[in-house]
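Hi there,

Here is the model I promised to pass on. Have a look at it first, and my notes on its cavities follow below.

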Amino acid sequence: MIKKLYFLVFVVIFRLLSCQEVYSDYYKLRLRYENLEENNSKALPLIQPYINKAKKEKNYEKLLQGYKDGVFYSSSNEEKLKYADSAVWAAKLSKNKDLISSAYIEKGVVYYYHYKKYQPALNEYLTAYEYSKNTDNKFLKFQNLYHIGVVKSYLGYYAEASDLFKQCIYYYGQKSKSNLHPNEIFNNKKGYLNSLHQLIICYRNLGKIREADSAIKTGLSEVGNNPDYAQEKGYFLLAKGISDFKKETYPLALDNLNQSLSPIKKAGDFAWLSVDYFYIGKSYLYSKNTKESIVYFKKVDSIFQKHQFILPELRENYEILINHYKKEKDQGQQLYYTGQLLKADSIISKDFTYLAPKIHKEYDTKTLLEEKNKLEKANSWGNFIIIGLIIFALGLIILLIKRYKIQKNIQQKYILLEEKFILQQNPSEKPISTTEEKRTSLDEGKVEELLRKLKIFEDKKEFTQKGLTINKLASQFGTNSNYLSQVINEYKEVNFNKYLSELRINYITNLLFENKEYLKYGIETLAKECGIASRQNFSDLFYEINGIRPTDFIRKRKQELDNKRNFSTLKPI
C-alpha cells in the first residue's frame, strides 16, 4: 500500500513537472503522415521508415506505435488485421504488460468495429483484461472496460453494460477537462463521447426514455459542429432519430436519421448504417409511404448479405419484408426473405451461445473473485492507512509547491512575452541594413529586389499560406530557391523554416494580444489561422519561439483581461 502511494505521488508530480516533451526522430517521421485522414493508405509508405527504425533500434514501444498507425491508416480490413497481429508481436517482445494489453485491445477493435465479429473480438478483450488487471494505466483499464461493456450490451445485458459505461463516462469526462496534452484530451473526449453513445443504447433498451433523451442532448451539445467529432455527431443524430420515431414524430425522425447517414457512411460503420436504414424504413412505413420504406428495408438486407452480420434489433426488418410480400402474394420474395431471417437467427444464436457463457465465466466471475480478494487484503492493510495518508499529504504539499513554481515560471514568461510585443508596437529606430553590410555573392540589385518582395510578403501576411515551402515562395518571387535561401539566411539571420515559423507565431501571438475574440478559438483553429497544418506542430513552435505553451498563454491572457475588467468596474468608496 505504502509503495503504491509513493508511486501515485511520484506519477502525479512527474506529470505536472513534465511541461515539455522530447521530440525525437520518431516524432519527425510521424509528422509526415499524422495529418492524413483515417483509412488513407497513402500513409503506409510513410509509416514504413518509422517501423524500420524501431525494428533496427529494437524500440518495441515505438514499433507497437508504428503498427497501430498501420491499423489506423490501412484502407482494407485485411491489412488492418495484419498490422494488428504485428502490433501484438511487437508488444510481446517488449514484455511490458500494458503494451501487450493495448495491442490486444487494438486487435479486438479491428474484429469488432471493422468486421463486427464479436466472438474473436471478445477473445482479444479478455486476453487484454488478463494483462491489464494490475495496471496503473487507468486509460488502458477503462478502454478495456468500455469494450467489455459493448459486448454485454450486444448480448442484451443492458443494466450491467450501463454501469460500465457510466464508469467510463465519469473517467473520460474528468480527463477530457483536465490540464493534459491536447492529444490526450482529444483521446479522452473520444472515449467520453463513445461511452455516452453506448449508454444511450442501454437506456433505450431499458425503456429509460427520459434518461436517453437527456444523454442525446448532452452528446449533441458536446460535439457541436466540431469536424473532429463528426462521426460521434452522426451516432447522436441517429439516436435522436430513433427517439423521434418512438415518439411518432416521423418527419423529425426522418430529418435526423438522414442527417446521420453521411458521417456513419464515411466512418464505414456498416452495422449502425443498417440500423439507420431500418429506422428510416420504419419512419416511411408509419408515414404510409410503403414503397419508400421497402427500399430502405432492402438496404438492410444488402448489408447483411455483404457482411454476414446483423444486430438483434434488426430481426424485425425481415418480418416486415415477409409480411409485405405475403400481402403482395409474391411467394418468391417471401421465400427469399424467410431464408434470410433464418440465416440471421442462426448467426445471432451462434453469437449468443458462444459469448454469454464466456463473458460470465472469464470476466464476470473473475471480477467478483478479484473484488473479494481485494476486500480481504484491505482488512490486513488497516494499520498502514494512517501512515499512507501522512505520506500522501506530504507528497501533496511537495506537489503544490512544485506546481506553484511552475505557475510562477509561466507567469514570468508571459510577462516577458507581453513586454516583447509592447516594444514591437513602439519600436526604436534601428539602422537599416544595406547590401554592403552583408557578404553575398548575389547581385546587389537582385538582393534589393528580393528584400523588397520579402517586405511585401510580410506586410500582406502572405506567410499564412498553407503548405508554403521555399520552392513555392521562390517561384512566386520569380527567382530560384538557392538565391532566396541565401538572402534570408544573411539578411534575416535565420534559415527559411525558422523565418517562416517566427512570422507565423508572431502574427498569431499578436492577434491573441490585440483581439480577445481569438482567445475563444481552439488550438487547431489558431494553427490554421497562421498557416500551420498540425496543432501539435503549432504548439511546439509557439513554445519554442515564445517560451510558453499556447494553452498557458491564452489562460494567462484571459486572466489579465478579466482582472482589468473587474478593476474597471470597481466603484470608489
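About 70 Å³ of space lies in the largest cavity of this predicted model. The structure holds two cavities of 30 Å³ or more, and the second largest has a volume of about 30 Å³.

Let me start with the largest cavity. Three helices each give at least two residues to its lining: H10 (182-205), H11 (209-223) and H12 (230-246). H11 provides the largest share, with four residues. If you want to find the site on your screen, the residues around it are Ile 200, Arg 204, Ile 209, Ala 212, Asp 213, Ile 216, Ala 239, Ser 243 and Lys 246. By class, that lining is made up of five nonpolar, three charged and one polar residue.

Now for the second largest cavity. Which residues line it? They are His 197, Ile 200, Ile 201, Arg 204, Tyr 235, Leu 238, Ala 239, Ile 242 and Trp 272. H10 and H12 each contribute at least two residues here. In this lining, seven residues are nonpolar, one is polar and one is charged.

One thing to look for when you have both sites open: Ile 200, Arg 204 and Ala 239 appear in the lining of the largest cavity and also in that of the second largest. Likewise, H10 and H12 each supply at least two lining residues to the largest cavity and to the second largest.

Happy browsing, and best wishes!

Methods. Residues are numbered from 1 along each chain as its sequence is written. This is a predicted model: local features need pLDDT of at least 70, side-chain atom pairs count only at pLDDT 80 or more; totals for chains, interfaces and linings use all residues. Side-chain values use heavy atoms; hydrogens and water are left out. On a 1 Å grid over the protein atoms alone, a cavity is a set of points where a 1.4 Å probe fits but cannot get out, and a pocket is an open set with protein on both sides within 12 Å along at least five of seven lines; lining residues have an atom within 4 Å of a point. Grid points are joined across faces, edges and corners, and a volume is the space filled by probe spheres set on the points. Ala, Val, Leu, Ile, Met, Phe, Trp, Tyr, Cys and Pro count as nonpolar, Asp, Glu, Lys and Arg as charged, and the others, Gly among them, as polar.
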